[in-house]
Amino acid sequence: MDIERTFSILVNDRPGVLTRIAGLFARRGFNISSITVGSAEEAGVSRMTIVSHGDEAMAMQVLTQVGKLVDVLDVIDMSKEKIVKRELALIKVKAESSKRQEISHILDPFRVSVVDVGHSSITVQITGDEEKIDALIGLLRPYGIIEISRTGATALLRSGTEEASDAAV
Amino acid sequence: MNQFIKETDTVHAGEGATDSAQTVGQVNPPNVKTGADLLITLLKEAGVEVIFGYPGGAVLPIYDSLYDSSIRHILTRHEQGAIHAAEGYARVTGKTGVVLVTSGPGATNLVTGIADAYMDSTPVVVMTGQVTMESIGRDAFQEADIMGITMPVTKHNYQVRDINDLPQVLADAFYIANSGRPGPVLIDLPKNITAGPATYQPLPQPAARGYKIPTAPAKEQVEAIAQLISGAKKPLLYVGGGIISSGASELLRQFAKQTQIPVVSTLMGLGAYPAGDEQFVGMLGMHGTYAANKAITDCDLLLAFGVRFDDRVTGKLQMFSLHSKKVHVDIDAAEIGKNVQVEVPVVANIKDTLEMLLQHHLHPDTKDWLAQLKAWDNEWPLRYHGTSDDLKPQQVVELLAKHTGGQAIVTTEVGQHQMWAALFYPYSRPRQFVTSGGLGTMGFGFPSALGAQVAEPEKTVICVAGDASFQMNIQELQTVVEQGLPLKIAIINNRFLGMVRQWQQFFYEKRYAESRISSPDFVKVAEAYGALGLRATNPAEAEAIIAQAIAHDGPVIMDFVVKEEENVFPMVPPGKGNHEMTLEWSEE
């Protein structure tokens, strides 16, 4: 079944490790929707979260091919697990003073922060899952979106599910 | 002067064999002053006896340290020759082949060989020079991003940016190259690191965290295989290079004998099971035997051991072995389910798996099945039309087998002659047949024969070549002559890129676009290089020159002028199932 798949990959924090993984995805024909990398809980180790899509066979190939890389310490497919998955976006939207009140009402339920205010635009920061961010972007679009920067998703297993995923690796 | 002698002595002190070390009653640490000294010292500790290489600017410090070392260096005439030679050395010994070249073009000239070693799981450690770290990224003279270039075709690669990392990198590189599923590992060495100061540190234990090797299978998995075998009426062993890599040939033989299960082999697996044995059905796949391809199509249990279901083996996947339950045992988890879904997937060392299976003492009733295979073999054995006038390529291979008692190490180039060498020479032991299976590298065979002969100086080594392939690395003749390597080159000379021509004949209406190829006079070429050159144009001459070549104590080129438009049969046309073999070509 072709579904969205989220892979969590622990890697040695070494030069070129991102290239190794991104290159492997590219040459095996696996699409990358988003990729995030940052330090993990242990010094010298980074966690990558890659969102992709594909069927079971594709997922197995990702797990085994990525797992073979010497700099990869662990890789799991979190698609069927209970996970917390979050993305951050910065959205710069046109906001003449006459429209600010109206925009503010839209922002309220999303619990965003306004991180920059200019003469004719404001920049808001939103965190949440993909759907939430898409929804806000949809609502702000009529006012005129100037720029968007999204981080891509990062994710962790929910507490209590770590054991199950260890067995899957 | 005294100073120099003392230095040389202490370099070898690690072996405990020098006088100075003995007189003072202690073993001095090896004399290491530079990164290059440390590299060479550690290579010796890693057991390296031979390096195939080519010097250049960025490796001058390393060559300077090598100059006083006991490690043998084989200077090839092209870097590609060095890596294929290292592959040949590795393939016949199971040891890791070692290559040393300079940065830039030296490094990029290796890429084909590295990709070849990667595809055929050959253990090789490649050391490339690199410009100084200060110059990296500035498009310096002879700079190439060999890390980026080789990332997709190496098992792993390293750039040593701190001399203190070198011992661990070397230990890990040799361990990774020759464990699990073997493969090439590259170490990029910036010149300032090898030229810079260093102190001796011993070779540590490998410690590549994140590198895991499967070992024995779970008991339950072996029981599942055993149960399938017990219930099978038409079981078939489909074996490949993994059997040879893991040193499981003898166990495979015992298992096949115990269970009376017949064996088909991939190109890479030839020699894993003795060709002369009555249970051996032959090579399968695109140019497999009739009986082998019938067997794979008709079997009810397929035991795929150390194989990867390559497209040249399976033919059209949707038609591949449709009536069988399948067991796939491989040490590389990524091979399981990559091309073919199987009922029992096992990620494990095949040697351990066979040992455990032998304990089950399985005796399925395969009498009718073996009789059926025999009948298929009788129906269409390997054959060709021989005459006393025309020299046929298949006959040349048969004569080579006859005059070497089937015992020679045979390497091949790529093309028609490769298939004939695979089909008509009876390989009886592992590591006897060396060919470029996965990448299909023309130019592989001759330098790999060079490496094989370096590793096995006492054995007869024959390179079966095509007239076109041989010209791809013909320059290594000088290396062979210089090193006094007595290898025999058998050129199957049909004045064509034979396999290309065969496909053009079958699928492109005989439009032989650029497949006719001319060659120099190979006899004169041999003589110019200082080797013996011989030519045969009919079977009687062929027999005579083979006998002469085998008896000759030195390198020989045999130019076999064979019939031009001979084809390799059977052939599974591309996009067809294995049962849809073409057995003979008829012009319609």
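**Close-up 1. Strands S3 and S4 of chain B, side by side.** In this predicted model, strand S3 (residues 97–101) of chain B is joined by five bridges to strand S4 (residues 124–130) of chain B, and the two run parallel. To get your bearings, look for Gly97(B): it stands opposite Val124(B) in S4(B).

**Close-up 2. The sheet around that pair.** Step back a little and you'll find an open sheet of six strands in chain B, ordered S2-S1-S3-S4-S6-S5, with parallel pairing. Its edges are strand S2 (72–75) and strand S5 (156–159) of chain B, each pairing on one side only. On average, neighbouring strands here are turned by 20° against each other, direction ignored.

**Close-up 3. The largest nonpolar core.** This core has 68 residues, and the ones touching the most other members are Leu237(B), Leu303(B), Phe305(B) and Phe560(B). H19(B) supplies the largest share, six residues. Domain 3 (219–379) and domain 4 (393–561) of chain B each chip in at least three residues. Zoom in on Phe305(B) and its contacts include Leu237(B), Phe255(B), Val329(B) and Leu357(B). Apart from this core lies another, with 47 residues, among them Ala85(B), Ala107(B), Val126(B) and Ala526(B).

**Close-up 4. Helix H23 of chain B, tucked in.** Seven of the 10 residues of this helix (residues 498–507) are buried, so the rest of the structure largely encloses it. The buried ones are Gly498(B), Met499(B), Arg501(B), Gln502(B), Gln504(B), Gln505(B) and Phe506(B). Part of their cover is helix H19 (416–424) of chain B, the helix that also gives the largest core its largest share. After H23(B) comes Glu509(B), with a positive phi near 50°.

Notes:
Residues are numbered from 1 along each chain as its sequence is written. Chains are lettered from A and ligands numbered from 1 in the order in which they are written. This is a predicted model: local features need pLDDT of at least 70, side-chain atom pairs count only at pLDDT 80 or more; totals for chains, interfaces and linings use all residues. Side-chain values use heavy atoms; hydrogens and water are left out. Buried means under 20% relative accessible area, exposed over 50%, partly exposed in between (1.4 Å probe, protein chains only). Helices (H or I, at least four residues) and strands (E, at least two) are DSSP runs, numbered from the N terminus. Contact means heavy atoms within 4.5 Å. A nonpolar core is a set of buried Ala, Val, Leu, Ile, Met, Phe, Trp, Tyr and Cys residues joined through side-chain atoms within 4.5 Å. Domain bounds come from an automatic or database domain assignment. Two strands pair if DSSP finds at least two bridges between them. Axes are lines fitted to C-alpha atoms, for helices over the stretch in contact, and angles run from 0 to 180 degrees between N-to-C directions. Lists of a residue's contacts leave out its neighbours within four places in sequence.
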